[in-house]
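Student: Got a minute to go through this one with me? I'd like to pick out a few local details.
Tutor: Sure, let's have a look.

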Amino acid sequence: MKTTLQQVKIVEYHEGLAKGIAKMWNESRENWGGDSTVTTEQDVKDKEESSTNLHLFLAMVGDEVAGYCGLSEYREDAGALYIPLLNVHPKYQGLKIGKQLVLKAIEKTVELQWPRLDLFTWPGNTKAVPLYKKCGFFWEDRDDTVHLMNFIPMVLQLDLLKPFFEKHDWYQTSQRLIEVKPDALKVNEHTYYEYKWEADEEFVRIQFERTGRGIRLIETQDYLVQMNVPEFKLLENEDHYVNYHVENRSKEPIEVSIKGVSSSIAEHVFEDTFQVENKWIRDYTAKVSMPQSDPGPWKTHPTIGAEIKINNQALSLKMGVYPKQAGKVNVRSVKKNWRPHSKGIVYLDLESQVGEDTTWTVKLPENKVISWEEHEVNEKIGANGRVSIPIPVELLKNGFLSEEIVVEVKWENGHLSTFTTTLKFAFPGFGAKFGGETDEHWFGYNGPHYVEIEKRNHMVKIGSTAFTRDPISFFTPKLGKPYSEEFSKKEASSIEFIELPEALVVKTSLISEAFPSVLLNSYFKIYGEGLVEVKHEVVNTGDQEKKNLSLIQPVFTSLEGLSVPQNEGVLKCNESLVPFVEYIDDKAISERWMFLEASIGDTIGLSWPENAIARKDDWRMGLEYDMDLIPAHEELCLGPIQVGINTSKHWSKWREFIVGDETEREELPLYTFGKANGDVVSTIGAMDYSFNSMMTPYIQGTLTVGHEGGTLVKEVLKDDALTQVTVEVEHNSPGVKWISGDFSSNSQTARVDSLQFVKGKSDVKIEQHDDIWSVDNGVVSFKASSDYYPGIYSLSMNGREALDHQYPTPGPRAWWNPWGGGIAYSFRNISAYSMLKEKTTIESVTKVDHNGHRWSGLCLTTEFKQHEKMKGVILHQYALTLPEVPVLTVYAEIHQHSGQTIEKELLDLDAFFKLGETLQTSYITLPSEGIFHKYYGGAEEFVLRDTPLVVLGSDEREEMITFVHPANRKLSEAYINQDALLVASTKEWSSPTGKIIKVDPSILFYGELKDTQSIKTLQNIKFN
């Protein structure tokens, strides 16, 4: 049955509708650019519980939610409500549901006696603009956003016009021309928005002035009332004439009274009463003074106006104005790095705001921050012209320049005037702590690190002048519940800059009206090293206790390079895709930190205290505190939230700083392909392999997998509501296997590879002959000798040796003496001679990895009894393999029984290779962004940089060995000279006595690595 408009009902939200709302959002992705966010019933409940909506209207078709329209207090300006979100289910578009929802919001705005209703959209949303305009919205002509304002609520509340609108429907009788472009009727720099209604012989025309958000003209068939300010920008302290015009078109005289309305910056004092039979026109003077800061586009401007009564019915007329001085003076610099006593250029930007040529004299005052080469500037400026004057200066010290100056302006007719302004500019530098303010912001600096607070809405940016990426933003904090946006329209009542020996603190105070007797103090503590601590202090200034308050601090930054703890691992955004906040499962965040790393290297660490929770706050993250009780005249301190600007280069170091725990956590890529839990070991037979997404959006597409001559295909749809798709793969033979394929959808294509060590069914043979222990898994074999050198000296496949050694007698080689070659762990502070003094024993072992697989091989144990510092320490070296798989894993355990604490000791793993008959035919390749990728032994000396893996080979053989280093190494390197080809890694360790330190495995296998993600799965192998 076809749905009709009559079947649509508008209702208000309750929790019983949360499931239907979630379904609507999940089926409305095409409305929002193909957004893949998955919304659950609980997500809706959580969001609406903490929403700033005063009302939430839903369009219902039967039991299905077909539309959504929020109504809240406008966060950017006073005197308006706001539609933060409007949506119509694609299935029900065309039924005018959007119109019904918007009209319901307008109706409620009138009922609540608010004068205006605003909303935002995006420039490409052209299909919605006609709807908005028909419902009374005007598209404001601005570059920074698409902002629409609706004055219908004010119109419908005017007593003068109620007789018309009680007889006629305002929507049906509107005569407005609808065009998909910004609205603007421009007169003398003022912008007017005009409504017009006609019905029978009656009409209403009304104009609103954009910046003052007020009426400047009303016209009906009976009368015309209007005001006019000849210019939008008015010179301070000058008389300006405001024109008022009343026209009577009725047969009877009308009684009119008018009274000027003054404000803190406008003086407009007059009062008059008169009778109008035909026309009345008069000018009254007004004078303006400069506000503390220039009016901005986000807020209502200062106004000039009057209160008028027509036949005893009240009407307010007002127009926005922009007070101005004769000109503006600003100091600017393009130089980024200023050091004390360095010289450079600053620019004095002069802007005339008068309509004729003038000559300016600017005297530059002495100060403690910069020394001017010239102390007076004389410049002729054309009418409303601008000039930029370069001035050489020397920086005396890093700090904030804030100097008041008097500018003398001379007109061509000889008229002379002056205006006062302040030169403001920050010169940050290492070691300098200072604060300051401009017209729009407060700043706090410590070295290159800063906090920037926007005055109009208390939005905070935390960053560094050395930063390339955007700073992290702290949006306006909100008190609740329900949460209020009141602070987004308020300037802090006070600001303090507190200099401490270790940091600079910026303190702001915000007084709540939504929660009477509550004061919110915010402290931003900036350390020179890049750490910023944010604390909130909620003060109960009243005589009654406050119960069940909440505070949420919204935080936003690009999630490029995100690492966030999820359950037992760390979700690592390793894709080109930059996820939206909505794609992260906030309920799975298991520790109190996040970390972001840009491709250019800049990092941001974020953490929150244990008494706060991190959750989604619309399209941002929110850090939320619950406050059960604040006694009268007491305060509750919350925090700190911590931000690290380039303080850590890796998430593990940030985590260690915040959590105080060095325990390793497995990295979880956004997308994976492989066995469950990242398992890389399989047996012959059928195994499940899955393509997984760690994000909340459901996957859709086709998984195609090829293996051992066969191809498997499986499709998954969005409606299947899955984040993983699984195929069953049959392994017919042992060895190093690659399960490869692709996953493709209409928007993405991925190459998927999974490295697997498929075990055979035979046993690993371990034998001892005299001093030689040998291990043979049917494919590869390796050997160790306790009489030779404490390590694995031989590794071969098909009888071809891969390691370089000189068994049976160690001796000098290049820089080493004695040198044993092979693969061996050794302490950096113990020489090879000392190592050989200690007794080493060998035994066969079987160890179980973290997925329950059994690896067999050797354990070499060296107990230190001779070495003075390391006496009592036992080193276990493990070399393990799997049946019929050409793989070797080596790792170490240190049993610390020295009777003392050992700090920052280094354990080296050295592996000497020679895959060919000579070093000259043996080579090593490394991942590199440069043009050289292969290096041969036996010739020049090279030190090759840290990389997660290397590949070794020989021109004489086809087989190659991939050597994967552990992720938590201190460093790795490769070293080549005429006598050696060495692959090495180092582990730094510290331990009190009585502890065991495990060194993560290094993995060697015959074959090449096809994808870098497999490195992580190999590095995740751990042994119990």
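Student: How many bridges pair strand E74 with strand E75, and in which sense?
Tutor: Keep in mind that this is a predicted model. Strand E74 (residues 949-954) and strand E75 (residues 961-964) are joined by four bridges, in the antiparallel sense.

Student: Which residue in E75 stands opposite Val950?
Tutor: That's Phe963.

Student: And what sheet are E74 and E75 part of?
Tutor: An open sheet of nine strands, with antiparallel pairing. The order is E66-E67-E68-E69-E78-E75-E74-E71-E72.

Student: Which strands are at the edges there?
Tutor: Strand E66 (839-848) and strand E72 (934-936), each of which pairs on one side only. On average, neighbouring strands in this sheet are turned by 20 degrees against each other, ignoring direction.

Student: OK, the sheet with E23 in it. What's the strand order?
Tutor: E23-E24-E28-E26, so to speak, from one end to the other: four strands in an open sheet, paired antiparallel.

Student: Why is one side of E23 and of E26 left without a neighbour?
Tutor: Because strand E23 (327-332) and strand E26 (370-372) are the edge strands, and each has a single partner strand in the sheet. The average turn between neighbouring strands of this sheet is 35 degrees, again with direction ignored.

Student: How many bridges join E26 to E28?
Tutor: Three, and E26 and strand E28 (residues 386-395) run antiparallel. One pair to click on is Ser371 with its bridge partner Glu394 in E28.

Student: Switching to helices. At what angle do H1 and H2 pack?
Tutor: About 105 degrees, for helix H1 (residues 18-26) against helix H2 (residues 41-49), and their axes are 8 Å apart. H1 and H2 are therefore roughly perpendicular to each other.

Student: Which residues meet there?
Tutor: From H1 you have Ala18, Lys19, Ile21 and Ala22, and from H2 there's Glu41, Val44 and Lys45. By class, the contact of H1 with H2 has four nonpolar residues, three charged ones and no polar ones.

Student: Last one: where is Lys525?
Tutor: In strand E39, which covers residues 518-527.

Student: What does the Lys525 side chain make a polar contact with?
Tutor: With the side chain of Tyr527, at 3.2 Å.

Student: And which residues does Lys525 touch, leaving out those up to four places away in sequence?
Tutor: Leu500, Glu502, Ala503, Leu504 and Val505, plus Leu531, Val532 and Glu533.

Definitions and conventions. Residues numbered from 1 in each chain as written. Predicted model: local features only at pLDDT ≥ 70, side-chain atom pairs only at ≥ 80, totals over all residues. Heavy atoms only, no water. Helix = DSSP H or I, 4+ residues; strand = E, 2+ residues; numbered from the N terminus. Polar contact = N/O pair within 3.5 Å; in protein donor to acceptor, adjacent residues only side chain to side chain. Contact = heavy atoms within 4.5 Å. Axes fitted to C-alpha atoms, helices over the stretch in contact; angles between N-to-C directions. Parallel < 35°, antiparallel > 145°, perpendicular 65-115°, else oblique. Nonpolar A, V, L, I, M, F, W, Y, C, P; charged D, E, K, R; others polar. Pairing = 2+ DSSP bridges.
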